[in-house]
Number of protein chains: 2
Amino acid sequence: MLATVGRRARNKADKQQRIFEAASELFTRLGYSAVTTQMIADQADVGTGTLFRYASSKAELLMMVMNEKMRLDTREGIAASASPTSPTEAIMALLAPQIHLPPAFSENTAVYQREILFGAEQGQYRTEALARISELENAIGDILRRFTGTLWVRPGVDLNGAARTTFSTLHMELIRVSIGREDPQTLTATLRAHVDVLLYGVFAQR
Amino acid sequence: MLATVGRRARNKADKQQRIFEAASELFTRLGYSAVTTQMIADQADVGTGTLFRYASSKAELLMMVMNEKMRLDTREGIAASASPTSPTEAIMALLAPQIHLPPAFSENTAVYQREILFGAEQGQYRTEALARISELENAIGDILRRFTGTLWVRPGVDLNGAARTTFSTLHMELIRVSIGREDPQTLTATLRAHVDVLLYGVFAQR
DNA sequence: AATCGTTTAGGAGCGTAATCCGCAATTTAT
DNA sequence: ATAAATTGCGGATTACGCTCCTAAACGATT
């Protein structure tokens, strides 16, 4: 047997590829709710039954597509967060790529966020998305640690916990934008204000 | 005609009441996903078509039911937040009633949170839920203002913005519990830590 | 090559949320 | 009291996500 991957594996990879492309194209062009799973199956040239062996739900199909973008954005953000000389700017640089104000179909972004939080426990693509989220959270922890030399950490503060506090707030802010309850224009300024409060507090120390 | 409200209005109120009770009982007993709209219609003794004139979706039916509890919890929390002598404890007292660790059907809570964030824009019961949320956010603002006499507000901090930062974090934490990604047992301690960081910051002032 | 066991494909079918539209109950006008 | 108009009702119907089960494709074994 010469081929290390059999016909079976190749067919499978082929279908996976076709499904990804069909889902990507349709979701991007029409938006989540206007796309039916039939359309995706048809365009990928597979049966509906087949579709659901490659992703366990319509929402997972979207996550499959969105994860790709987020993977790049996360990488980019983490790289960019290395250079700034203040924690605020480092955190802003980390999240900047996530703030690609999507003009038209922010419905996809909203559904993505929704499914990350509330989607089925065992979804494979959701798991991947959650891993990206953790990556960002950890990156914030790294940033905070990086500045413990130049800034005094207030006694009793756990930096990992603080990283989570910070990320929670920023995550919620991104969700707010995706569901249209906040103006994307002012997002950067709002985020900066949030970060500022988080790092230095509301009340001054005595 | 003696009755100031016609038969029509009375029938309407009757149906509303029956639907509320049916939805409440079924959701509580079986959990959101195990309840079908047919069951609710049957138990309320109305047609399916009728059901959807009183609530525009199944999710809205749930919100109708959950809002009732939240209305009371919010009232209670705001009242309890008046007495504590530190901002941290006041905020904890405000949110305490929301933390009724629901042992079994936390599915309802998760769906409620999901719909508050991502539900249809024009839902009437969602609007009501959002009003409760705003109430809590404003209450946090009030708490912060209450302590501006005894604690110094760090220059440049907008208290309303800070209130939102605080509420965002705590809201996200409650969601985390509702979707089972955090242990309800440790929630109170975690929340306190969050609030502490938010109020006094990660880094000490020089 | 032939046979057997295993994995993958896919479309018919199902459950359910939500709509649509004809009909009935009520109110208003004559 | 009768007719006309308006509002509310509700079940048949639809659309869609997803499952289930049969059949085909594939790889291994002899």
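Tutor: A residue counts as near a molecule or strand if one of its heavy atoms lies within 4 Å of it. This is a predicted model, in which local features need pLDDT of at least 70 and side-chain atom pairs pLDDT 80 or more, while totals for chains, interfaces and linings use all residues. Residues are numbered from 1 along each chain as its sequence is written, chains are lettered from A and ligands numbered from 1 in the order written, and side-chain values use heavy atoms, without hydrogens and water.

Student: Which residues come nearest to DNA strand C?

Tutor: Of the 21 residues around DNA strand C, the nearest are Arg8(A), Gly49(A), Tyr54(A), Thr37(B) and Lys58(B). Of the strand's atoms within 4 Å of the protein, 58% belong to sugar or phosphate and the rest to bases.

Student: What makes the approach of Thr50(A) to a phosphate oxygen of DNA strand C a polar contact?

Tutor: A polar contact is a pair of N or O atoms within 3.5 Å; within protein, one must be able to donate a hydrogen and the other to accept it, and residues adjacent in sequence count only if both atoms are side-chain atoms. An N or O atom in the side chain of Thr50(A) is 3.1 Å from a phosphate oxygen of DNA strand C, so the pair qualifies. For Lys15(A) the distance is 3.3 Å, and for Lys12(A) 3.4 Å, so these pairs qualify too.

Student: Which elements give two or more residues to the surface near DNA strand C?

Tutor: They are helix 1 and helix 3 of chain A, with helix 1 (7–30) and helix 3 (48–54) of chain B. Helices (H or I, at least four residues) are DSSP runs, numbered from the N terminus. Helix 3 of chain A gives the most, with five residues.

Student: How many residues of domain 1 of chain A are in contact with domain 2 of chain A?

Tutor: The bounds, 1–54 for domain 1 and 56–200 for domain 2, come from an automatic or database domain assignment. In contact (heavy atoms within 4.5 Å) are 18 residues of domain 1 and 16 of domain 2.

Student: What area do domain 1 and domain 2 of chain A bury between them?

Tutor: About 1400 Å², 66% of it on carbon and sulfur atoms. Buried area is the accessible area (1.4 Å probe) that two parts lose on being put together, summed over both. In domain 1, Phe20(A), Phe27(A) and Tyr32(A) lose the most, together 44% of what that side buries.
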